[in-house]
Amino acid sequence: MAATKTVVSLKVNGVERTAEVEPRLLLVHLLRDVLGLTGTHIGCDTSQCGVCTVLIDGRAVKSCTVLAVQADGHEITTVEGLAQEGQLHPVQEGFWEKHGLQCGYCTPGAMMTAVEILRQNPNPTDEEIREGLEGVICRCTGYENIVRAVKYAAERMRG
């Protein structure tokens, strides 16, 4: 018996999108496989690593924990949607300037998590940044440069 498909409509990176999906399809797979937004990575598929983090209505969420049908009617921002009008988001700029990546696999999730950290606290301490990044596993950087990148972004965003 074939699964009944459901139509979902959502705004992704500022663009209205509609897709017909199986009810069990995860948001991460909708973004990558259906919409072609491969900046959102798939890591563990168990919500442990955080590399699939996106913003749903402005809040950081691991997209492997959300069904695509649950995102219906919501606004999704992926790492591809951070830059605006050809200008890097301060978090992206921070990762570039402070070398906040090595292999780059966790980078999209770390960036999206950093946006959430700075939304909640525009002037976080190193400890608060580290605590906020606990849901993102990075095996390369030791987090030092990621923390520096978030601090840099915080300074830029405060002006």
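Buried, as used here, means under 20% relative accessible area, exposed means over 50%, and partly exposed covers what lies in between. With that in hand, helix α2 is a handy way into this predicted model. The helix runs over residues 90-97, and its buried residues are V91, Q92, E93, G94 and F95. These buried residues pack against two other helices, α3 (107-120) and α5 (144-158). Just past the end of α2 comes H99, which takes a positive phi of about 55°.

One of the helices that α2 packs against, α3, is home to T107. T107 has a relative accessible area of 8%, so this residue counts as buried. Leaving aside residues up to four places away in sequence, T107 touches F95 and L101. F95, for its part, is among the buried residues of α2.

The link between α2 and α5 also has a charged side to it. E93 forms a salt bridge with R156, and the closest N and O atoms of the pair are 2.5 Å apart. This pair joins distant parts of the chain, with E93 in helix α2 and R156 in helix α5, 63 residues apart. How accessible are the two partners? E93 comes out at 17% relative accessibility, which is under 20%, so E93 counts as buried. R156, with a relative accessible area of 45%, is partly exposed.

Helix α5 takes part in another salt bridge as well. Here E144 pairs with R130, again with the closest N and O atoms 2.5 Å apart. Because E144 lies in helix α5 and R130 in helix α4 (residues 126-132), the pair ties together parts that are 14 residues apart in sequence. Both ends of this bridge are partly exposed: E144 has a relative accessible area of 40%, and R130 is at 34%.

Stepping back to the whole protein, the domain assignment gives domain 1 (6-81) and domain 2 (90-158). Their centres, taken over C-alpha atoms, are separated by 21 Å. Where the two domains meet, domain 1 puts in 18 residues and domain 2 puts in 15. The area buried between them is about 1300 Å², and carbon and sulfur atoms give 59% of that. On the domain 1 side, H41, V51 and V79 do a good share of the work, supplying 35% of the area that domain 1 buries against domain 2, more than any other three residues.

What about polar and charged links across this boundary? Between domain 1 and domain 2 there are 7 residue pairs in polar contact, counting pairs with both residues at pLDDT 80 or more. On the side of domain 1 that touches domain 2, the elements giving two or more residues are β3 (53-56) and β4 (59-62). That side divides into 7 nonpolar, 9 polar and 2 charged residues. The salt-bridge count between the domains is 1. R59 and E116 form a salt bridge, with their closest N and O atoms 4.0 Å apart. The pair is also part of something wider, as R59, E116 and R119 are linked in a network of salt bridges.

In total, the structure holds 7 salt bridges. Side chains of opposite charge can pair when their charged atoms come close. One more example comes from the side chains of E16 and K11, which meet at 3.9 Å, N to O. E16 counts as exposed, at 57% relative accessibility, whereas K11 is partly exposed, with a relative accessible area of 29%.

Finally, V21 gives a look at strand β2 (residues 15-21), where this residue has its place. Is V21 buried or exposed? With a relative accessible area of 2%, V21 is buried. Which residues does V21 touch, not counting those up to four places away in sequence? The neighbours are T4, K5, T6, V8, L30, A68 and V69. E134, by contrast, is 113 residues from V21 in sequence, and the two are 32 Å apart in space, C-alpha to C-alpha.

Key:
Residues are numbered from 1 along each chain as its sequence is written. This is a predicted model: local features need pLDDT of at least 70, side-chain atom pairs count only at pLDDT 80 or more; totals for chains, interfaces and linings use all residues. Side-chain values use heavy atoms; hydrogens and water are left out. Domain bounds come from an automatic or database domain assignment. Contact means heavy atoms within 4.5 Å. Buried area is the accessible area (1.4 Å probe) that two parts lose on being put together, summed over both. A polar contact is a pair of N or O atoms within 3.5 Å; within protein, one must be able to donate a hydrogen and the other to accept it, and residues adjacent in sequence count only if both atoms are side-chain atoms. Helices (H or I, at least four residues) and strands (E, at least two) are DSSP runs, numbered from the N terminus. Ala, Val, Leu, Ile, Met, Phe, Trp, Tyr, Cys and Pro count as nonpolar, Asp, Glu, Lys and Arg as charged, and the others, Gly among them, as polar. Buried means under 20% relative accessible area, exposed over 50%, partly exposed in between (1.4 Å probe, protein chains only).
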